[in-house]
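Here are my notes on the model, set out as numbered points. Please read them with the structure open.

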Protein chains: 2
Amino acid sequence: MTTLHASALSAPPAPAIPALTEPLSPEDLANALRSFSTSYYASHPFHALMHEGKLTRRQLQGWVANRLAYQRAIPRKDAAILSNCSDPDVRREWILRIVDHDGTETGTGGIEKWIALGEALGVPRIEMEDERHVLPGVRFAAEAYVTFCKTKPWIDAVASSLTELFAPDLMRRRIAAFPQHYSWVRPEALDYFKTRLTQAPRDSQQGLALVQRHCTTVETQRRAFDALAFKLEMLWVMIDTIHHAYAEA
Amino acid sequence: MTTLHASALSAPPAPAIPALTEPLSPEDLANALRSFSTSYYASHPFHALMHEGKLTRRQLQGWVANRLAYQRAIPRKDAAILSNCSDPDVRREWILRIVDHDGTETGTGGIEKWIALGEALGVPRIEMEDERHVLPGVRFAAEAYVTFCKTKPWIDAVASSLTELFAPDLMRRRIAAFPQHYSWVRPEALDYFKTRLTQAPRDSQQGLALVQRHCTTVETQRRAFDALAFKLEMLWVMIDTIHHAYAEA
């Protein structure tokens, strides 16, 4: 018998899923979910390189072109949540995420801002839009997220969205790092990060409140932890796939 | 061998699906889809009774309470279409249907207007909302529609929505029949029908344009015809189930 060790980079640091014997209080549930931040993909070495100004133009371009597949998956996963949710009050809140990401007319919204970031990093719009640079591993991860949200109870899918709790810190680090280290990138390119800086806290508070309200049993709380762990893995696989694909010799 | 004849009421009059050997022009496709109106559930005897003022209060109440299951399924099927559609331009148009039906705050939107109709017909709100009167056959039909939209290509699901081409005529007949024959129903109750009178033509034009643009091959046009035929069956099964369940001795 051999013990098979995969690269430490192939999955995120395992989050501390509490061994529940009775349900956590809403506050303890929130704290336990927040503690998953140590497994967030911000701790992947690719992000350290990004924030230290050590990524090449090619690496940044590979990153921005690939992440578009994820950006494009987001409204579809949010619509899947709506399609599984029977509560109009929840749908009425949640639908705003789709509007944020798709915009209200052509050329607006989060996906468009991400394409603008790609252009500012020197990837032609056509090469962003036709996804020619998107790696199969990244595509599979993004599709796994849509499938998760289509096939799981809507509250599990809401729990998986709680990586947004950790997003603002990452956005702030990017907004600081880009002008400092990548001065060839035009400042307007950072619109996406700035928008998420205000949207992510609103979204994550909304998602957290739903999870606190609906996950009040051991079983539903376990499912919430599992859902967030799945999402952490999914984000991690994307960044790790990008990391290896564009590593400089 | 015996020939097994089901009741003529158990399915709608079969629509005339053209035997395609080459693709129809966009105009011919629209005309062929419009010709399906003869299979619309408006031709079910229950509607004739309704428009002639021959339904009892109990029958109208059974109808309104059961149809809520369908009303509630609509935003979920529309979200399923969004979740399967990669085109933000299409999503941006289609999302308005969800907003129409869910409203923008508690107490607004099409579902709420349907509940108000139920109350005006004498079904207490609580008995509408908890769906105690919803028959299993009606529930299965409504769920089949959501499942269709989740599992078929989004353009098939769009084609299935084209029963809206036929809706305004039915709405007009209801708006005329209710004050004439059912004077005990308050006029405000008809808000739902009046709203659909303007929304349905906008929606069906939008849906038809999408089907004309995307169904340009024999195969995709066949699928569009099949999808609309499925929807006609689904609406028919609902009204027929209601018809039999509340038949007066």
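1. **An Arg in helix 10.** B:R202 is partly exposed, with a relative accessibility of 37%. This is a predicted model, and the remarks below should be read that way. B:R202 pairs with B:D100 in a salt bridge, and their closest N and O atoms are 2.6 Å apart. B:R202 sits in helix 10 (residues 191–214) of chain B, while B:D100 sits in helix 4 (residues 88–102) of chain B, so the pair ties together parts 102 residues apart in sequence.

2. **A network in chain A.** Which residues of chain A are linked in a network of salt bridges? They are A:R97, A:D100, A:E164, A:R196, A:R202 and A:D203. Over all chains, a search of the whole structure finds 44 salt bridges. As background, side chains of opposite charge can pair when their charged atoms come close.

3. **A pair within one helix.** A:D89 and A:R92 form a salt bridge, at 2.6 Å from N to O. Both belong to helix 4 (residues 88–102) of chain A. They are three residues apart, about one turn of the helix. Are the two partners buried or exposed? A:D89 is partly exposed, at 37% relative accessible area. A:R92 counts as buried, at 14% relative accessibility.

4. **Another pair in chain B.** B:E131 and B:R139 form a salt bridge. Their closest N and O atoms are 3.0 Å apart. B:E131 is buried, with a relative accessible area of 17%. B:R139 counts as partly exposed, at 34% relative accessibility.

5. **Relation of the copies.** How does chain B map onto chain A? A turn of 180 degrees with a shift of 0.0 Å along the axis lays chain B on chain A, with an RMSD of 0.0 Å. The two copies are thus related as by a two-fold rotation axis. Of the residues of chain B, B:A79 comes closest to that axis, with its C-alpha at 2.4 Å.

6. **Extent of the interface.** The contact takes 25 residues from chain B and 24 residues from chain A. About 1,800 Å² is buried between the two chains. Carbon and sulfur atoms give 53% of that area. Of the interface residues of chain B, 96% are also interface residues in chain A, so the copies meet through the same surface.

7. **Polar links across the interface.** How many salt bridges are there between chain B and chain A? The count is two. B:D102 forms a salt bridge with A:R91, and the closest N and O atoms are 2.6 Å apart. Between the chains there are also 11 residue pairs in polar contact, with both residues at pLDDT 80 or more. Helix 3 (57–84), helix 4 and helix 7 (136–151) of chain B each supply at least two residues to the side of chain B that touches chain A. Which helix of chain B gives the most to that side? Helix 4 does, with eight residues.

8. **Cysteines.** The structure holds zero disulfides over all chains. Why does A:C85 form no such bond? The closest cysteine sulfur, in A:C149, is 13 Å from the sulfur of A:C85, too far for a bond. The cut-off for a disulfide is a sulfur pair within 2.5 Å. In chain B, the sulfur of B:C85 is likewise 13 Å from its closest cysteine sulfur, in B:C149, and this is too far for a bond. A:C85 is buried, with a relative accessible area of 1%. B:C85 also counts as buried, at 1% relative accessibility.

9. **A buried Phe in helix 11.** B:F225 lies in helix 11 (residues 218–245) of chain B. B:F225 is buried, with a relative accessible area of 0%. What does B:F225 touch, not counting residues up to four places away in sequence? The contacts are B:I17, B:P18, B:L20, B:L24, B:L29, B:A32, B:L33 and B:F36. One of these, B:L29, is 196 residues from B:F225 in sequence. In space, the two are 9.3 Å apart, C-alpha to C-alpha.

How values were computed
Residues numbered from 1 in each chain as written. Chains lettered and ligands numbered in written order. Predicted model: local features only at pLDDT ≥ 70, side-chain atom pairs only at ≥ 80, totals over all residues. Heavy atoms only, no water. Buried < 20%, exposed > 50% of the residue type's maximum accessible area, 1.4 Å probe, protein only. Least-squares fit on C-alpha atoms with pLDDT ≥ 70 in both. Contact = heavy atoms within 4.5 Å. Salt bridge = Lys/Arg side-chain N within 4 Å of Asp/Glu carboxyl O. Helix = DSSP H or I, 4+ residues; strand = E, 2+ residues; numbered from the N terminus. Buried area = accessible area lost by both parts, 1.4 Å probe. Polar contact = N/O pair within 3.5 Å; in protein donor to acceptor, adjacent residues only side chain to side chain.
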